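Here is a short walk through one structure, written to be read with the model open beside you. Shall we begin at a ligand and work outward from there?

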Amino acid sequence: MVNYKDLGLVNTKDMFAKAVKGGYAIPAFNFNNMEQLQAIIMAAAETKSPVILQVSKGARNYANQTLLRYMAEGAVAYAKELGWEKPQICLHLDHGDSFELCKSCVDMGFSSVMIDGSSLPYDENVALTKKVCDYAHQHDVTVEGELGVLAGVEDEVASEESHYTKPEEVIDFTSKTGVDSLAISIGTSHGAYKFKPEQCTRDPKTGKLVPPPLAFDVLAEIEKKLPGFPIVLHGSSSVPQDEVDTINKFGGKLPDAVGIPEEQLRQAAKSAVCKINIDSDSRLAMTAAIRQTFAEKPGEFDPRKYLGPARDNMKKMYMHKIINVLGSDGKAC
Ligand code: G3H
Ligand code: 13P
Ligand code: ZN
């Protein structure tokens, strides 16, 4: 049993309380490899932003759970080395799908876990989420639950269409389970194809797809029911057009990829939304830089020569999100 406090990590309690009060959101960035982690920590340290490092079940399978845990521990030391005296770094399980997985993460030093019971019947979601909260809270680990289903793929939870969170369920769910934060569905979804072209309109000037707006009315109703309660938005990548264009220019094929416009995320961050999940934008930034290097320097075969530019590009993207979209810079001095 490892306690996260011994690793220099923090849970989400203070982060979220301050973010809700301050009208900004904490970035939750997924990582699967060293370059992503370096870029996240460099960006957070440089901007003094609290940050949530997210590990999905897929990341655990890809990179090994033990290695990822030690990498997060190393990230705290690295942040200090970069001059961030009091790093506020949370290690969070993203889309946990069973009590056993959540327990294993709590036991190995995670400071926060998500139990995603959103695909279960309501009562089963309540029972599973409560079981995870009861265990995690004994170790001061915070828990995120989810109500409502996002379109697309939630790890192994496939859903054809999104089912918005029902505001009439949120008080019952949070009080019965004891969750510390609640992920909701208001029209975001995972991946780089968040909307089908037929759900969008086309900008007559650029010909690019313009997605439908998020359901801010549902968010407002939820906030009214749960004043000041930390709300989480998954599927919040913006799918930057310049990265998509670079990928397509250098041999990729991402037709009609579309994300959540940043203006809408800015609006969400000012509300009770205090955690915004971003993974796909990092994948795009990494892929764009690697494709460009491969195309422009075909003789290069030292991985540092293409992973280095990929890391720089991801860092630039993370800093942009922190400063220009979420507003979390300077909140962890
Ligand atoms: O919500 C899903 C995250 O983007 C993690 O994706 O399961 O492919 O690691 P993954
Ligand atoms: P994106 O696919 O929009 O980056 O969402 C990531 C996410 O929600 C991780 O849980
Ligand atoms: Zn998610």
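Ligand 2 is surrounded by 14 residues, and the closest are H234, S237, N277, D279 and S280. Strand 3 (89–96), strand 12 (273–278) and helix 11 are the elements that each give two or more residues to this shell. By character, the shell around ligand 2 divides into one nonpolar, ten polar and three charged residues. Please keep in mind as you look around that this is a predicted model.

Strand 3 leads us from the ligand to its neighbour in the fold. Strand 2 and strand 3 pair in the parallel sense over six bridges, and V51 has I89 in strand 3 as its bridge partner. Strand 2 also pairs with strand 1, again in the parallel sense, over three bridges. Here N30 stands opposite Q54 in strand 2. Five of the six residues of strand 2 are buried, so the strand is mostly covered.

What do strand 1, helix 2 and strand 2 make together? They form a right-handed β-α-β unit. Helix 2 is largely enclosed by the rest of the structure, because eleven of its 14 residues are buried. The buried residues are E35, Q36, L37, A39, I40, I41, M42, A43, A44, A45 and T47. They pack against strand 1 (26–30), strand 2 (51–56), helix 4 (65–81), helix 11 (280–296) and helix 12 (303–326). Helix 11 is thus a contact of helix 2 as well as a contributor to the shell around ligand 2.

Another helix worth a visit is helix 6. Its buried residues are N125, V126, L128, T129, V132, C133 and A136. Among the elements covering them are helix 5 (99–107), strand 4 (112–115), strand 5 (142–147) and helix 7 (170–177).

The table sets out the spans of these two helices, from first C-alpha to last.

| Helix | Residues | Number of residues | Span | Expected span at 1.5 Å a residue |
|---|---|---|---|---|
| Helix 2 | 34–47 | 14 residues | 20 Å | 20 Å |
| Helix 6 | 122–138 | 17 residues | 25 Å | 24 Å |

Helix 2 reaches close to its expected span, and helix 6 is likewise close to the value expected for it.

Finally, have a look at the backbone where each helix ends. K48 follows helix 2 and has a positive phi, near 55°. Just after helix 6, D140 takes a positive phi of about 65°.

How values were computed:
Residues numbered from 1 in each chain as written. Chains lettered and ligands numbered in written order. Predicted model: local features only at pLDDT ≥ 70, side-chain atom pairs only at ≥ 80, totals over all residues. Helix = DSSP H or I, 4+ residues; strand = E, 2+ residues; numbered from the N terminus. Expected span 1.5 Å × (residues − 1). Buried ≥ 20, exposed ≤ 12 C-beta atoms within 10 Å, placed from the backbone. Contact = placed C-beta atoms within 7 Å. Near = placed C-beta within 6 Å. Nonpolar A, V, L, I, M, F, W, Y, C, P; charged D, E, K, R; others polar. Pairing = 2+ DSSP bridges. Right-handed = clockwise from strand over helix to strand, strands pointing away.
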